[in-house]
Amino acid sequence: MSLHSRCRNSPYGDGKAKRFPVPDSKVPWSVSYPEYSPALYTSPLVAAGPVWADPEKGNFKFNALDGRTDRRSVLGEYKVEDGMPVNPVGRTGIKGRGLLGKWGPNHAADPVVTRWKRDEKGAPVKVSGKGVLEFVGIKRRDTGEWAIPGGMVDAGDSVSVTLRKEFGEEALAALDMPKAEQERVMKLTKQLFSGSGTTLYRGYVDDPRNTDNAWMETVAVNFHDTSGDLFSSFKLKAGDDAGAVSWITANSKLPMYASHANFVKCAVEKLGGDW
């Protein structure tokens, strides 16, 4: 998986700061770059101190479980310089937290929900003898790109809880339903996600929100509906920060947010579908 491509684009994600230019050869910290002088930027949204964000300064326990916040990285121990964690992959062209709430690793979980595509008569669609995979995608309101309906792992939550909760909130619009209906949907979602799923990826994400001191890491897990019937109970409806939600045909030309296309590709390859 290619790293530090999207998270070197300028201007930064919300358009309020510019990244210092970082050529490919200068991404690794091991390569000298004396001219490197990135701006320090934390989004006003994050600086306002929402419950999901760290304070600007604090007695953080980096590389450890800090109370209910997991500050460990799947890449191993990262450096801390001048009280700030250092992105283990390399330079991004901007310091601070940007749009990310946590200093250091910001953990996410991405459920890749799939089924085999069928034609109007219910027959499996084939290309070159291989099945065509569909996945549940959301269109992000901020970038307009298709994405997996995942989200941040809240402090104290497990990855499995986050996978189920984010799918319900973003793809099934559980937050906008009457309480009784919400409970029914979340119960069914829990049933659908009762299996462990297949882990597609666990690691660092080339996310446009990354900075030199805060970065995204995720666990992408595939939940495949072999029969194509399990999800028929649900009416897909955009919720939370999704602009639209739909079953999307997986293909190599579909532009997707961050590293999400790689997650879908992994699911296609593991299931033996056409890409």
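A disulfide is a pair of cysteine sulfur atoms within 2.5 Å. By that criterion, a search of the whole structure, which is a predicted model, finds zero disulfides. Two cysteines illustrate the surroundings in which such residues are found here. Cys7 has a relative accessible area of 0% and is therefore buried, while Cys266, at 22% relative accessibility, counts as partly exposed.

The strands offer a suitable place to begin the tour. Strand 7, which spans residues 104–116, is mostly covered, with eleven of its 13 residues buried. Strand 7 runs parallel to strand 14 (residues 214–225), and twelve bridges join the two. Within this pairing, Asp110 of strand 7 has Ala220 as its bridge partner in strand 14. Strand 7 also takes part in antiparallel pairings. With strand 10 (residues 133–140) the antiparallel pairing extends over three bridges, and Thr114 stands opposite Phe135 of strand 10. With strand 12 (residues 151–152), likewise antiparallel, there are two bridges; here Ala108 is partnered by Met152.

From the strands, attention may turn to the charged side chains. The structure holds nine salt bridges. In one of them, Asp54 meets Arg71, and the closest N and O atoms are 2.9 Å apart. Asp54 belongs to the loop between helix 1 (44–47) and strand 2 (65–66), whereas Arg71 belongs to the loop between strand 3 (69–70) and strand 4 (80–81), so this salt bridge ties together parts that are 17 residues apart in sequence. Are these two partners buried or exposed? The threshold for a buried residue is a relative accessible area under 20%. Asp54 has a value of 4% and is therefore buried; Arg71, also at 4%, counts as buried too.

Asp54 takes part in a further salt bridge, with Lys102, in which the closest N and O atoms are 3.7 Å apart. This pair links distant parts of the chain, for Lys102 lies in the loop between strand 6 (94–98) and strand 7 and Asp54 in the loop between helix 1 and strand 2, 48 residues apart. Both Lys102 and Asp54 are buried; the relative accessible area of Lys102 is 18%.

The loop between helix 1 and strand 2 contributes another acidic residue. The side chain of Glu56 forms a salt bridge with that of Arg97, at 2.8 Å from N to O. Since Glu56 lies in that loop and Arg97 in strand 6, the pair ties together parts that are 41 residues apart in sequence. The two partners have contrasting accessibility: Glu56, at 40%, counts as partly exposed, whereas Arg97, at 0%, counts as buried. Which residues are joined into one network by salt bridges that share partners? They are Asp54, Asp66, Arg71 and Lys102.

Lys102 also has a contact with the backbone. A polar atom of the Lys102 side chain lies 3.4 Å from the backbone oxygen of Trp52. Trp52 in turn belongs to a nonpolar patch on the surface, which it forms with Leu45 and Val51; together these residues have about 370 Å² of accessible area. Val51 is located in the loop between helix 1 and strand 2 and, at 83% relative accessibility, counts as exposed. The loop that holds Val51 thus also holds the buried Asp54.

Certain features of the backbone complete the account. Ser10 and Pro11 are joined by a cis peptide bond, with omega of about 5 degrees. Pro11 is placed in the segment before strand 1 (39–42). Positive phi values in residues other than glycine appear at Asp82 and at Ser128. For Asp82, phi is near 55 degrees; this residue lies in the loop between strand 4 and strand 5 (84–85) and is exposed, with a relative accessible area of 78%. For Ser128, phi is about 55 degrees. Ser128 lies in the loop between strand 8 (126–127) and strand 9 (130–131), and its relative accessible area of 72% makes it exposed.

Key
Residues numbered from 1 in each chain as written. Predicted model: local features only at pLDDT ≥ 70, side-chain atom pairs only at ≥ 80, totals over all residues. Heavy atoms only, no water. Buried < 20%, exposed > 50% of the residue type's maximum accessible area, 1.4 Å probe, protein only. Helix = DSSP H or I, 4+ residues; strand = E, 2+ residues; numbered from the N terminus. Pairing = 2+ DSSP bridges. Salt bridge = Lys/Arg side-chain N within 4 Å of Asp/Glu carboxyl O. Patch = residues over 30% accessible without salt bridge, like charges linked within 9 Å, V, L, I, M, F, W, Y side chains within 5 Å. Areas by Shrake-Rupley, 256 points an atom, 1.4 Å probe, with all protein chains shown as cover. Polar contact = N/O pair within 3.5 Å; in protein donor to acceptor, adjacent residues only side chain to side chain.
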